[in-house]
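Q: Please take one part of this model and go through it closely, beginning with backbone pairing and then following the side chains. I would like the reasoning laid out step by step, with the cut-offs stated where a step depends on them.

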Amino acid sequence: MGGTVAGTTTTRVIPTLISVSKVVDRDVGASPTRSDSALFLDGNSVTSGGSTVVPAGTHTASETSNPNYTPTFPGACNSQGTITVAIGDTVECTITNTFIPTTIKVTKVVDNAGGGTLGGTDFPLFLDGNSVTSGGSTV
């Protein structure tokens, strides 16, 4: 018996997804928000928390830098923002920006060359109305 058999072959595409998210740690009164710097995946602009379909392989997450923050990459990316994915992977790379507080050091110097006898503690120091210690750093 002979005959013809007809059939359909279905190829299923399994997407590989990378989501890049931004977290801003705003301790010490910092004001920038998540949207204050652009996020990128392989140099292409992405939205924080959105998924991007990518080919299997190595990819790099990055952002527009801000000198007032230190970026770290907890999660799936390494410390440089690089991640390697296989077909069908769904991963998230988070960039956490931690505020670098500015410090001010106030030091009182007393010149007694003219015969004076007072020292630095005889002159109270203030910064924005708050008492500070000579030589100490204030955030």
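**Strand pairing around β8**

A: Strands β6 and β8 run antiparallel and are joined by 4 bridges. This pairing, like everything that follows, is read from a predicted model. One position that fixes the register of the two strands is Y69, whose bridge partner in β8 is F99. Strand β8 is also joined to β1, here by 9 bridges and with the two strands running parallel, and in this pairing S19 stands opposite E92 of β8. Strand β1 in turn is joined to β4 by 4 bridges, in an antiparallel arrangement, with I18 and T52 of β4 as bridge partners.

Put together, these pairings belong to an open sheet of 4 strands with the order β4-β1-β8-β6, and the pairing within this sheet is mixed. Strands β4 (51–54) and β6 each have a single partner strand, so they stand at the edges and one side of each is left without a neighbour in the sheet. From one strand to the next, the twist of this sheet averages 25°.

The next step is to ask what ties β8 to the rest of the chain through its side chains. The cysteines C77 and C93 form a disulfide, with their sulfur atoms 2.0 Å apart. This pair links distant parts of the chain, since C77 lies in the loop between β6 (69–72) and β7 while C93 lies in strand β8, 16 residues away. The angle about the S-S bond is -130°, and the link of C77 and C93 is left-handed. Both cysteines are buried, and the count of disulfides in the model comes to 1.

C77 also leads into the nonpolar interior. The largest nonpolar core has 13 residues, and C77 is among those with the most contacts inside it, together with I18, V20, L41 and A61. At least two residues of this core come from each of β1 (16–25), β2 (39–41), β7 (82–85) and β8 (90–99). One of the core residues can be followed in detail: leaving aside residues up to four places away in sequence, L41 touches I18, V20, V46, T52, V54, H59, T60 and A61. This list includes I18 and T52, which were met above as bridge partners in the pairing of β1 with β4.

The contacts of L41 also include T60, which stands opposite T82 in β7. That pair belongs to strand β5 (residues 57–63) and β7, which run antiparallel and are joined by 4 bridges. These strands are part of another open sheet, this one of 4 strands in the order β3-β2-β5-β7 with antiparallel pairing. Its edge strands are β3 (44–46) and β7, each of which pairs on one side only, and its twist averages 35° from one strand to the next.

A charged pair joins β1 and β5 as well. Side chains of opposite charge can pair when their charged atoms come close. Here the side chains of K22 and E63 meet in a salt bridge, at 2.0 Å from N to O. The two residues are 41 positions apart, K22 in strand β1 and E63 in strand β5, and the pair therefore links distant parts of the chain. With under 20% relative accessible area as the cut-off for buried, K22 at 4% counts as buried, and E63, with 17%, is buried too. The count of salt bridges comes to 1.

These links can be set against the chain as a whole. The protein has 0 helices and 12 strands, and buried residues make up 23% of its 139 residues. Of the contacts with a separation of 6 or more, 63% are between residues 24 or more positions apart. A further case of a contact across the sequence lies away from the strands discussed so far, at G135 in the loop between β11 (130–132) and β12 (137–138). G135 and T107 are 28 residues apart in sequence, yet their C-alpha atoms are 4.5 Å apart in space. Beyond residues up to four places away in sequence, G135 touches K105, V106 and T107, and with a relative accessible area of 33% it is partly exposed.

Note on methods:
Residues are numbered from 1 along each chain as its sequence is written. This is a predicted model: local features need pLDDT of at least 70, side-chain atom pairs count only at pLDDT 80 or more; totals for chains, interfaces and linings use all residues. Side-chain values use heavy atoms; hydrogens and water are left out. A nonpolar core is a set of buried Ala, Val, Leu, Ile, Met, Phe, Trp, Tyr and Cys residues joined through side-chain atoms within 4.5 Å. Buried means under 20% relative accessible area, exposed over 50%, partly exposed in between (1.4 Å probe, protein chains only). Contact means heavy atoms within 4.5 Å. A disulfide is a pair of cysteine sulfur atoms within 2.5 Å. Two strands pair if DSSP finds at least two bridges between them. Axes are lines fitted to C-alpha atoms, for helices over the stretch in contact, and angles run from 0 to 180 degrees between N-to-C directions. A salt bridge is a side-chain nitrogen of Lys or Arg within 4 Å of a carboxyl oxygen of Asp or Glu.
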